[in-house]
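Dear colleague,

Please find below the structure that I am handing over to you, together with its sequence. My findings follow directly after it.

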Amino acid sequence: MIVQRVVLNSRPGKNGHPVAENFRVEEVNLSDCVNEGQVQVRTLYLSVDPYMRCRMNEDTGSDYITPWQLSQVVDGGGVGIIEESKHTNFMKGDFVTSFYWPWQTKVILDGNILEKVDPQLVDGHLSYFLGAIGMPGLTSLIGVQEKGHITAGSNQTMVVSGAAGACGSLAGQIGRLLGCSRVVGICGTPEKCLFLTSELGFDAAINYKEGNVAEQLHKLCPAGVDVYFDNVGGDISDTVISQMNQNSHIILCGQISQYNKDVPYPPPLPPAIEAIQKERNITRERFLVLNYKDKFEFGILQLSQWFKEGKLKIKETMINGLENMGAAFQSMMTGGNIGKQIVCISGDTSL
């Protein structure tokens, strides 16, 4: 079978910024022989995510993420439809997802890496399984539940950085649903600020590129900050931490401002900020959603229920075409997306 696929063309270097040209599209002729235990799938949607920046380095700096190899097909979160199955758990027409989906139009996969998904959970929006009703949703929900220590009715203020992104846009809403009385988002454009307050129900939003963030934060969080969902790290996080209350909590989701730098994860705080963290007994523990697999099934059902009840608003930035994977990745890394960045490979779900 003739397929198009995306391979890693070059590495940006540990301190470099990724560009679309780091990826290359190829057309190849692959065997269409499906062996026992395998399935042939057609790719419908692929995900680009900040964690993938680490996979562009020869050493990911992590024991649970493997690096992408030069001139080899790239992989990540994907959703597709089964065209042929020789695996007992799957049949033709099933919709499936995997965290290790090759960036190619059609692919033969070991059925054991796939998970069947039910389109009813997402009202037919299959791409949501890569976002709000998938890993980013679980990361936000479990992160807030496990590390946020939110108690309904206790007047807690939550701040979210990277608030218009895949996780941030969900985390703020989840904080509110679990009982925070005030939710403030930090993002990088006026359009994103308006989206947070008018569509997602955030109480306020700060554009970190305009004005003094510390002053705005002080004005918008007069009682200080109790819960901080941190997607960015760096200067923004230092500003938020300096306004956090005694015994407050940081949910360490990501540190995108640091991903193009050769620093450990999570990056150490500057000494003055670390002193504040210790003095005020602020928790800042590494959070890895893969350590909570026992909570995934219930989490997906909870996210789906909130979505269907209209309590969780879902936003995507959709780009079409496998040839645009590199451009989509570059855009996501520089804040070009609102909500989850998705690439549609084929919108055709017929067989």
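Asparagine 247 counts as partly exposed, because its relative accessibility is 46%, a value that falls between the limits of 20% and 50%. Please note that the model is predicted. Asparagine 247 belongs to strand S12, which covers residues 244-252. Its phi is near 60 degrees, a positive value in a residue other than glycine.

Serine 71 also deserves mention for its backbone. Although serine 71 is not a glycine, it has a positive phi of about 65 degrees. Serine 71 is found in the loop between helix H1 (52-55) and strand S4 (75-85). With a relative accessible area of 38%, serine 71 is partly exposed.

I turn now to the charged residues. Side chains of opposite charge can pair when their charged atoms come close. How many salt bridges does the structure hold? There are 14 salt bridges in the structure, and three of interest are described here.

In one of them, glutamate 26 is paired with arginine 5, and the closest N and O atoms are 3.1 Å apart. Glutamate 26 sits in strand S2 (residues 23-29) and arginine 5 in strand S1 (residues 2-8), so this pair ties together parts that are 21 residues apart in sequence. Glutamate 26 and arginine 5 are both buried.

Another salt bridge joins aspartate 94 to lysine 116, with 3.5 Å between the closest N and O atoms. This pair links distant parts of the chain, 22 residues apart: aspartate 94 is in the loop between S4 and strand S5 (95-102), and lysine 116 is in strand S7 (residues 115-116). Aspartate 94 counts as buried at 12% relative accessibility, whereas lysine 116 is partly exposed, with a relative accessible area of 47%.

The side chains of lysine 311 and glutamate 309 also meet in a salt bridge, at 3.1 Å from N to O. Lysine 311 is partly exposed at a relative accessible area of 43%, and glutamate 309 counts as partly exposed at 41% relative accessibility. Elsewhere, Arg5, Arg24 and Glu26 are joined into one network by salt bridges that share partners.

Which side chain of opposite charge is nearest to aspartate 226? It is arginine 182, at 9.8 Å. A salt bridge requires a side-chain nitrogen of Lys or Arg within 4 Å of a carboxyl oxygen of Asp or Glu, and aspartate 226 has none although it is buried. Aspartate 226 is located in strand S11 (residues 225-230). Its side chain does make a polar contact with the side chain of asparagine 245, at 2.9 Å. Leaving aside residues up to four places away in sequence, aspartate 226 touches Asn155, Gln156, Thr157, Met244, Asn245, Ser248 and His249.

Finally, I would draw your attention to threonine 43, in strand S3 (residues 38-47). Threonine 43 counts as buried, because its relative accessibility is 0%. The side chain of threonine 43 makes a polar contact with that of tryptophan 101, at 2.9 Å. Beyond residues up to four places away in sequence, the residues that threonine 43 touches are Val79, Gly80, Trp101, Gln104, Thr105, Lys106, Ile345 and Ser346.

Yours sincerely

Notes: Residues numbered from 1 in each chain as written. Predicted model: local features only at pLDDT ≥ 70, side-chain atom pairs only at ≥ 80, totals over all residues. Heavy atoms only, no water. Helix = DSSP H or I, 4+ residues; strand = E, 2+ residues; numbered from the N terminus. Buried < 20%, exposed > 50% of the residue type's maximum accessible area, 1.4 Å probe, protein only. Lys, Arg positive; Asp, Glu negative; His and termini not counted. Polar contact = N/O pair within 3.5 Å; in protein donor to acceptor, adjacent residues only side chain to side chain. Contact = heavy atoms within 4.5 Å.
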